[in-house]
Protein chains: 2
Amino acid sequence: MKRKTIKDIAKESGFSLSTVSLVLNNHPRISQATRDRVMAVVKKYNFCPNSAARGLASKSSKTLSVVVPNLTRVFSDIYLGEIISGIYERATSQGYKILLDIATSQFIKSQEYLKLLASRRADGMLFIASDIHADYLSVFEDSPYKFLLVNHVFPGKKLNYVSVDYTASARTAAEHLLGLGHRKIGLIAGTNTFTGLQFRDEFIRVCKSWPAGSAQVTWVDGGEEWSQRGGYAAAAKLMAQTPGLTAVMAANDRMALGAMRWLADNRREVPEAVSVMGVDDIQIAAYVNPGLSTIRHDLYQVGIESCNRILQLIKGEITECSDLLPTSLVVRGSTGRVQAS
Amino acid sequence: MKRKTIKDIAKESGFSLSTVSLVLNNHPRISQATRDRVMAVVKKYNFCPNSAARGLASKSSKTLSVVVPNLTRVFSDIYLGEIISGIYERATSQGYKILLDIATSQFIKSQEYLKLLASRRADGMLFIASDIHADYLSVFEDSPYKFLLVNHVFPGKKLNYVSVDYTASARTAAEHLLGLGHRKIGLIAGTNTFTGLQFRDEFIRVCKSWPAGSAQVTWVDGGEEWSQRGGYAAAAKLMAQTPGLTAVMAANDRMALGAMRWLADNRREVPEAVSVMGVDDIQIAAYVNPGLSTIRHDLYQVGIESCNRILQLIKGEITECSDLLPTSLVVRGSTGRVQAS
DNA sequence: ACCATCCGGTAAATCGCTCGACAATGCAAG
DNA sequence: CTTGCATTGTCGAGCGATTTACCGGATGGT
């Protein structure tokens with residue numbers, strides 16, 4: 001039995017091809033009576049319009065490309081999970097599907113990111129994978145392609161983005177620690193993204209220029225993957241090279257958790273001896289002991305908002321986008337007032 | 001500037017439309033000289049054929065649908081991560097793209113799983129999300145649609161699958177524990193999938209019929225999400241209701257880790273007082289202390305193999321598929337010979 | 001009774017590419 | 001000098017929808 005086409009539906013329902021098409025697209029032009037009679041036939045055969053034909057005629061694939069970083073354990077990353085969930089939920093509700101890609105070297109080298117849009121396989125691209133080396137993204141400056149960086153920015157390039165405000169986060173975090181009296185602070189930074197660099201620089205700036213007395217900040221790199229293991233190693237390094245630290249600030253919760261682990265393994269009480277603070281507010285942050293003070297980043301919301309924006313770009317409702325989403329301070333047990341020594 | 005089409009390339013290169021098409025598809029019909037001249041023009045304009053048109057004419061979308069379960073933290077699941085990575089790697093190397101979907105109730109209710117294939121948006125579907133309630137999958141029995149269960153089976157339904165051999169795993173695990181002398185074993189089972197049920201039943205069967213003396217098995221459900229938390233609670237329940245257990249077998253590593261955590265929190269030495277064993281061999285299993293004995297499931301390989309199979313189904317090289325992949329025993333520190341008491 | 005408006009539906013021109021059937025060309029064999 | 005057969009390239013008929021311009025008839029104001 002051959003697959004039914006819109007033509008078969010037209011014939012059987014006694015209406016024209018165009019009428020069926022209009023019904024299928026909920027065009028107001030068609031009366032309810034006609035609509036019902038057509039839909040009856042559609043139901044009867046469980047007809048489903050061919051998406052390639054649709055895409056060809058309408059010049060839109062109703063598909064969004066989502067590109068995630070090529071981390072060894074990408075999908076085990078709750079950070080990405082939240083964003084993708086947000087994107088998925090929004091995209092689906094608007095009738096869009098998601099084409100998944102991983103930014104492997106092959107993906108970059110073969111310019112898949114471009115071909116995906118050039119071939120119209122996707123109407124727009126949500127890029128979660130950028131780092132400071134993603135220079136090839138320049139092709140999207142002033143291009144007709146709909147492109148959006150998700151939770152990243154690219155200073156110096158004219159690229160659309162939706163991101164959490166890392167600069168504001170840094171400020172909030174610094175102010176929290178400074179307010180507790182800390183003046184010797186270790187920073188575990190992420191340096192392979194621009195947002196990570198912004199965070200580091202702003203954190204240091206605020207510490208240096210604190211009215212009640214500037215603080216000394218020593219920073220180390222927490223590693224490419226911003227992982228717990230990286231945080232553990234970074235904490236070790238930090239404590240060794242800078243005696244007298246009273247607080248450790250990590251650029252994300254996973255590294256902060258790693259740092260806390262090191263402190264526990266080496267018998268430094270948190271927060272009595274050392275305060276620890278993270279960024280993101282991942283679920284587990286509330287469950288460790290003591291609870292991890294952190295800056296809440298609503299990544300699900302970043303996903304939602306990113307999707308909203310790319311959809312607006314596609315529809316032409318906006319032509320550019322540079323959103324910074326707010327963050328908030330979450331105080332738990334891991335940070336405390338500096339002890340008089 | 002209008003987007004270039006194959007026609008423009010034909011005009012500029014001086015060849016016919018069909019020739020360009022054949023070149024683009026690497027058809028042997030075309031000589032190298034012609035090929036080169038056409039490709040020069042293609043390169044010049046960075047031309048990329050419209051995929052909708054291509055799909056319409058060729059009746060193939062070169063796209064695979066991957067459906068993942070609707071867990072609260074789907075993407076934080078390393079289990080899925082491995083499988084998806086395997087699928088992605090294979091699919092990409094064969095020129096296929098991946099369309100991601102989550103098996104939400106909305107997805108099920110609206111029959112998206114069917115529409116995806118009926119509309120030819122995807123050439124085939126890899127379903128990682130099935131549980132014992134996925135009765136709606138019956139539509140794929142004897143249907144023309146290319147459908148494959150990934151790491152699941154559906155006894156009683158004629159559905160293609162590629163899965164690890166859970167029955168063999170259960171046997172191997174049981175034999176390991178029985179061989180160490182355990183005769184009172186607690187089992188933390190997963191009961192919302194058929195593979196989970198198979199594992200439980202085979203494990204119990206082997207224990208009961210062990211030649212050297214049958215063992216007593218008490219089992220509890222580890223919860224819908226097979227999580228660490230579920231394992232923790234299950235261990236508590238198990239130890240409370242069955243005194244004298246010398247071993248705890250969990251249907252996956254995450255639950256085993258949860259059980260180990262409970263045992264540590266309650267001062268039972270592993271493996272001296274209680275042996276613990278898991279299934280999967282997730283990365284962290286090697287890093288906990290003591291290392292977790294487990295049955296190795298190569299999920300990345302499951303992804304690779306699943307993708308190979310669905311591609312063969314699509315090409316018509318095979319018409320059905322029921323692969324069971326081998327597993328292997330990994331002995332670490334968490335299991336030991338039962339102590340004389 | 002007349003013309004302007006609406007309303008609901010239709011005809012037909014695309015959309016950009018694939019692929020099977022056919023044509024042209026060259027060359028060895030009869 | 002035909003004929004036969006590769007070898008290469010071209011024609012053109014779809015593929016299955018969308019969408020714009022058009023059309024016939026009912027409505028309604030004067």
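This tour moves through a predicted model of two protein chains and two DNA strands, with a selection to make at each stop.

**Stop 1: the two protein chains**

Select chains A and B together. Chain B superposes on chain A by a rotation of 180° with 0.0 Å of shift along its axis, at an RMSD of 0.1 Å. The two copies are thus related as by a two-fold rotation axis. Both copies use the same surface, since 100% of the contact residues of chain B recur in chain A.

**Stop 2: the surroundings of DNA strand D**

Next, display DNA strand D with the residues around it. The strand is surrounded by 28 residues, and the closest are Ile6(A), Ser21(A), Thr19(B), Arg29(B) and Thr34(B). Of the strand D atoms that come within 4 Å of the protein, 62% belong to sugar and phosphate.

Colouring these surroundings by residue class gives 13 nonpolar, eleven polar and four charged residues. Now highlight the helices: H2 (17–24) and H4 (51–58) of chain A, and H2 (17–24) and H4 (51–58) of chain B, each provide at least two residues of this surface. H4(A) gives the most, with five residues.

**Stop 3: polar contacts to DNA strand D**

Select Ser21(A), where an N or O atom of the side chain is 2.3 Å from a phosphate oxygen of DNA strand D. Then move to Asn25(A), whose side chain places an N or O atom 3.0 Å from a phosphate oxygen of that strand. For a backbone case, select Ser16(B): one of its polar backbone atoms is 3.2 Å from a phosphate oxygen of DNA strand D.

**Stop 4: the surroundings of DNA strand C**

Turn to DNA strand C. Around it are 27 residues, and the closest are Thr19(A), Arg29(A), Thr34(A), Ile6(B) and Ser21(B). Sugar and phosphate make up 65% of the strand C atoms that come within 4 Å of the protein.

By class, this surface consists of twelve nonpolar, eleven polar and four charged residues. H2 and H4 of chain A and H2 and H4 of chain B each contribute at least two residues to it. H4(B) has the largest share, with five residues.

**Stop 5: polar contacts to DNA strand C**

Select Arg29(A) to view a contact with a base: a polar side-chain atom of this residue lies 2.3 Å from a base oxygen of DNA strand C. At Ser31(A), a polar backbone atom is 2.8 Å from a phosphate oxygen of the strand. Finally, select Ile6(B), where a backbone N or O atom lies 2.4 Å from a phosphate oxygen of DNA strand C.

Key. Residues numbered from 1 in each chain as written. Chains lettered and ligands numbered in written order. Predicted model: local features only at pLDDT ≥ 70, side-chain atom pairs only at ≥ 80, totals over all residues. Heavy atoms only, no water. Near = heavy atom within 4 Å. Polar contact = N/O pair within 3.5 Å; in protein donor to acceptor, adjacent residues only side chain to side chain. Helix = DSSP H or I, 4+ residues; strand = E, 2+ residues; numbered from the N terminus. Nonpolar A, V, L, I, M, F, W, Y, C, P; charged D, E, K, R; others polar. Least-squares fit on C-alpha atoms with pLDDT ≥ 70 in both. Contact = heavy atoms within 4.5 Å.
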